[in-house]
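Student: I should like to look closely at one helix of this model and at its surroundings. Could you guide me through that part in a single connected account?

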Amino acid sequence: MSTEKNKWIDAVGKLITLTQERKLLWHSTDSYDNYQTEYGGKVLRLHWSYQDDEKFIRLALMDPQTGVEWAFPPSALNEHLMEAVRYQLVGVGEFLDELLTHAV
Amino acid sequence: MCSPMLGLPTFVNNFANRETFYIVGNIFSIASFFLSLFVLWNVRKLRNVYKLRARGPSLIRDLSKATSNLSKFMNAYADFLPQITEEIGRVAVKLRSLRHKLSGDPKRSVKRVLLFIDQCEVSVQNEDQVRLVYVEIVKVIEELKDYQKDLDWEA
């Protein structure tokens, strides 16, 4: 596989790690699966998109000054990132801790 | 020595003797040996391509599922160490199965990831290494998906 593609996968892998370690905090921008965060002076947007009748998760980097957006090449990691973001926003970890520690 | 054949041009007579036939025969034997090796190599390659076309998609699907699970477990890494070990083990089994059906670059990539997996011990201290292995697994799956698409074109 091309080194270039590997670089994007490494980058999204790093975003997943930062999200799971809560060093990158996401917020929901509307009611359904549209998420956003800021990193290194840029805005990262994660949402579902359609192309050629195919539904996929789009991860895009946006310049907040100009509003110009650039999308990462699609990969399975985008789905994993979406899962990690949902896990963070729903507070699954805290819920499990609460449930398993305090519930009678 | 063969006696020169009558009625044939001189240059034909020069070549049409037993020694020349021995030499030509030897050359053809050696050439056919290499041709057999080439055919065997191609048959082996075709057999592997057939196996990959038959089993590849389901193995790649299983691998994708396992990495998706791995990713979910890594949301709370320290709490899911046994599950992470299990998923990585599952990935290694699938990759070993795929390795025998591959050749060239994808085979090298699978071997490299298997080496990473074999050297990786899942423990609290090794979280960074496990995350690295996870990303490497995803890379190899993406490569295998591309390879599978190329095979579809070749058929």
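Tutor: Let us begin with the helix α2 of chain A, in a model that is predicted. In α2(A), the residues A:Leu77, A:Asn78, A:His80, A:Leu81, A:Met82, A:Ala84, A:Val85 and A:Gln88 are buried. This helix covers residues 76-90 of chain A, and its 15 residues should span 21 Å at 1.5 Å a residue; the C-alpha atoms at its ends are 21 Å apart, so the expected span and the model agree. Just after α2(A) comes A:Gly91, which takes a positive phi of about 75°.

One of the buried residues, A:Leu81, deserves separate attention. Leaving aside residues up to four places away in sequence, A:Leu81 touches A:Val12, A:Leu15, A:Ile16, A:Thr19, A:Leu46 and A:Leu59. A:Leu81 also belongs to the largest nonpolar core, which has 41 residues. Within this core, A:Val12, A:Leu46, A:Leu81, B:Tyr134 and B:Ile137 touch the most other members. Chain A gives two or more residues to the core from each of α1 (3-20), β3, β4 (54-62) and α2, while chain B does so from each of α2, α3, α4 (104-119) and α5. The largest share is that of α5(B), with nine residues.

The core therefore draws on elements of both chains, as the list of contributing elements shows, and the contact between the chains may be considered next. Here 16 residues of chain B are in contact with 19 residues of chain A. On the side of chain B that touches chain A, the elements giving two or more residues are α2 (18-73) and α5 (127-154) of chain B. Of these, α5(B) gives the most, namely eight residues. By character, the residues on this side of chain B are five nonpolar, five polar and six charged.

Let us now place the helix within its own chain. Chain A has three helices and five strands, and from the N terminus on its elements follow the order α-β-β-β-β-β-α-α. The five strands form an open sheet in the order β1-β2-β3-β4-β5, with antiparallel pairing. At the edges of this sheet stand β1 and β5 (69-71) of chain A; each has a single partner strand, so one side of each is left without a neighbour in the sheet. As a general point, the strands of a sheet pair through backbone hydrogen bonds, in either a parallel or an antiparallel manner.

The first pairs of strands can be followed residue by residue. Strand β1 (residues 27-28) of chain A and strand β2 (residues 34-39) of chain A are antiparallel and share two bridges. A:His27 has A:Gln36 in β2(A) as its bridge partner. The hairpin of β1(A) and β2(A) has five residues between the strands, and in it A:Asp33 takes a positive phi near 50°. Between β2(A) and strand β3 (residues 42-51) of chain A there are six bridges, again in the antiparallel sense. A:Asn34 stands opposite A:His47 in β3(A). These two strands form a hairpin with two residues between them, and A:Gly40 in the turn has a positive phi of about 55°. The strand β3 leads back to the core, since it is among the elements of chain A that give two or more residues to that core.

Some values describe chain A as a whole. Its C-alpha trace spans about 50 × 35 × 30 Å along the principal axes. Buried residues make up 24% of its 104 residues. Among contacts in chain A between residues at least 6 apart in sequence, 38% join residues at least 24 apart.

Finally, the confidence of the prediction should be kept in view. The model scores ipTM 0.82 and pTM 0.78. Chain B averages a pLDDT of 87, and 94% of its residues score at least 70. Among the elements of chain B, helix α1 (residues 10-15) has the lowest mean pLDDT, 71, and helix α3 (residues 81-99) has the highest, 93.

Methods
Residues are numbered from 1 along each chain as its sequence is written. Chains are lettered from A and ligands numbered from 1 in the order in which they are written. This is a predicted model: local features need pLDDT of at least 70, side-chain atom pairs count only at pLDDT 80 or more; totals for chains, interfaces and linings use all residues. pLDDT is the predictor's confidence in each residue, from 0 to 100. Helices (H or I, at least four residues) and strands (E, at least two) are DSSP runs, numbered from the N terminus. Two residues are in contact if their C-beta atoms, placed from the backbone, lie within 7 Å. Ala, Val, Leu, Ile, Met, Phe, Trp, Tyr, Cys and Pro count as nonpolar, Asp, Glu, Lys and Arg as charged, and the others, Gly among them, as polar. The expected span of a helix is 1.5 Å times one less than its number of residues. A residue is buried if 20 or more other C-beta atoms lie within 10 Å of its own, exposed if 12 or fewer, and partly exposed in between; C-beta atoms are placed from the backbone. Two strands pair if DSSP finds at least two bridges between them. A nonpolar core is a set of buried Ala, Val, Leu, Ile, Met, Phe, Trp, Tyr and Cys residues joined through C-beta atoms within 7 Å.
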